[in-house]
Amino acid sequence: YRFLARRTDSSFNKVVLKRLFMSRINRPPVSVARLVKKMRNPASKNKVAVIVGTVTNDVRIMEIPALKVCALRLTEGARARILKNGGEILTFDQLALRSPRGQNTVLLQGPRNSRESVRHFGRAPGVPHSNTKPYVRAKGRKFEQARGRRSSRGYKV
């Protein structure tokens, strides 16, 4: 993709190259359910879904249409379900030969801010208008539940 990004004027190749170099935190997994939802759009019909990351299975979705998917990795369950329903799985090498400029593709990403650790980021817990989750070892009575947390204990922020 470095060659394609350099030799073609396609922004698709530049984005794919950039995402290939990203850390794992910045390449979040995409579930099969999200894939189906995004590819149900009429504009995405007969296009290849391109995910620079992992595609995971989702047992909450019952039927999957025939999908064309290109991804770095697929979990065993996701791979089996896509192929069983008449889908097609490509590697990035095969995609580069099939559509070198990224024509008829849909670039998809997973949700980056769905990690549990992201809940702890932001304004300090306890300050006004903060929804940040504190690092507490338990949720019991003795753990950050006294003054400032309940109106029965002086005041509530």
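This passage describes the strand pairing, helix faces, salt bridges and surface residues of a predicted model.

The strand arrangement is considered before the helices. Strand S2, which spans residues 48–56, pairs with strand S3, residues 68–74, in the parallel sense, and six bridges connect the two. Within this pairing, Ala 49 is placed opposite Val 69 of S3. On S3, a further parallel pairing is made with S4, in this case over three bridges, and here Lys 68 stands opposite Glu 88 of S4. Strand S3 thus takes part in the pairing with S2 and in the pairing with S4. The connection from S3 to S4 involves helix H4, and S3, H4 and S4 together make a β-α-β unit that is right-handed. In a regular strand, side chains alternate between the two faces of the sheet.

Helix H4 comprises residues 76–84, with Glu 76 among them. Three of the residues in H4, namely Ala 78, Arg 81 and Ile 82, are buried. These buried residues lie on the same side of H4, because the arc that they cover around the axis is only 95°. An α-helix has 3.6 residues a turn, so residues three or four places apart point the same way. The face of H4 that is turned away from the buried side carries Glu 76 and Lys 84, both of which are exposed. For Glu 76, the relative accessible area is 76%, and the residue is therefore classed as exposed, the cut-off being over 50%. Glu 76 is separated from Asn 57 by 19 residues in sequence, and the C-alpha to C-alpha distance between the two is 8.0 Å.

Helix H2, residues 11–20, precedes a loop that leads to strand S1, residues 30–31. The buried residues of H2 are Phe 12, Asn 13, Val 16, Leu 17 and Arg 19. Viewed down the axis of H2, these residues fall within an arc of 165°, and they therefore line one face of the helix. Ser 11 and Lys 18, by contrast, are exposed on the other side of H2. Lys 18 was also compared in position with Lys 47, a residue of the loop between helix H3 (32–39) and S2; the two lysines are 29 residues apart along the chain, and their C-alpha atoms are separated by 22 Å. Lys 47 has a relative accessibility of 27% and so counts as partly exposed.

A nonpolar patch on the surface is formed by Leu 20, Phe 21 and Leu 72, which together have about 280 Å² of accessible area. Of these residues, Phe 21 is found in the loop between H2 and S1, and at a relative accessible area of 59% Phe 21 is exposed.

Four salt bridges were found in a search of the whole structure, three of which are described here. In one of them, the side chains of Asp 9 and Arg 101 meet at an N to O distance of 3.6 Å. This pair links distant parts of the chain, 92 residues apart, with Asp 9 in the loop between helix H1 (2–7) and H2, and Arg 101 in the loop between helix H5 (92–98) and strand S5 (105–108). Asp 9 has a relative accessibility of 68% and so counts as exposed.

Another salt bridge joins Glu 88 to Arg 98, whose closest N and O atoms are 2.7 Å apart. Here the partners are 10 residues apart, Glu 88 belonging to strand S4 (residues 88–90) and Arg 98 to helix H5. Both residues count as partly exposed, since the relative accessibility of Glu 88 is 28% and that of Arg 98 is 43%. Glu 88 is also the residue of S4 that stands opposite Lys 68.

A further salt bridge is made by Lys 133 and Glu 116, with 2.6 Å between the closest N and O atoms. Both of these residues lie in the segment after S5, and they are 17 residues apart. Lys 133, at 34% relative accessibility, is partly exposed, and Glu 116 is likewise partly exposed, with a relative accessible area of 38%.

Terms used:
Residues numbered from 1 in each chain as written. Predicted model: local features only at pLDDT ≥ 70, side-chain atom pairs only at ≥ 80, totals over all residues. Heavy atoms only, no water. Helix = DSSP H or I, 4+ residues; strand = E, 2+ residues; numbered from the N terminus. Buried < 20%, exposed > 50% of the residue type's maximum accessible area, 1.4 Å probe, protein only. Patch = residues over 30% accessible without salt bridge, like charges linked within 9 Å, V, L, I, M, F, W, Y side chains within 5 Å. Areas by Shrake-Rupley, 256 points an atom, 1.4 Å probe, with all protein chains shown as cover. Pairing = 2+ DSSP bridges. Right-handed = clockwise from strand over helix to strand, strands pointing away. Arc of directions from axis to C-beta.
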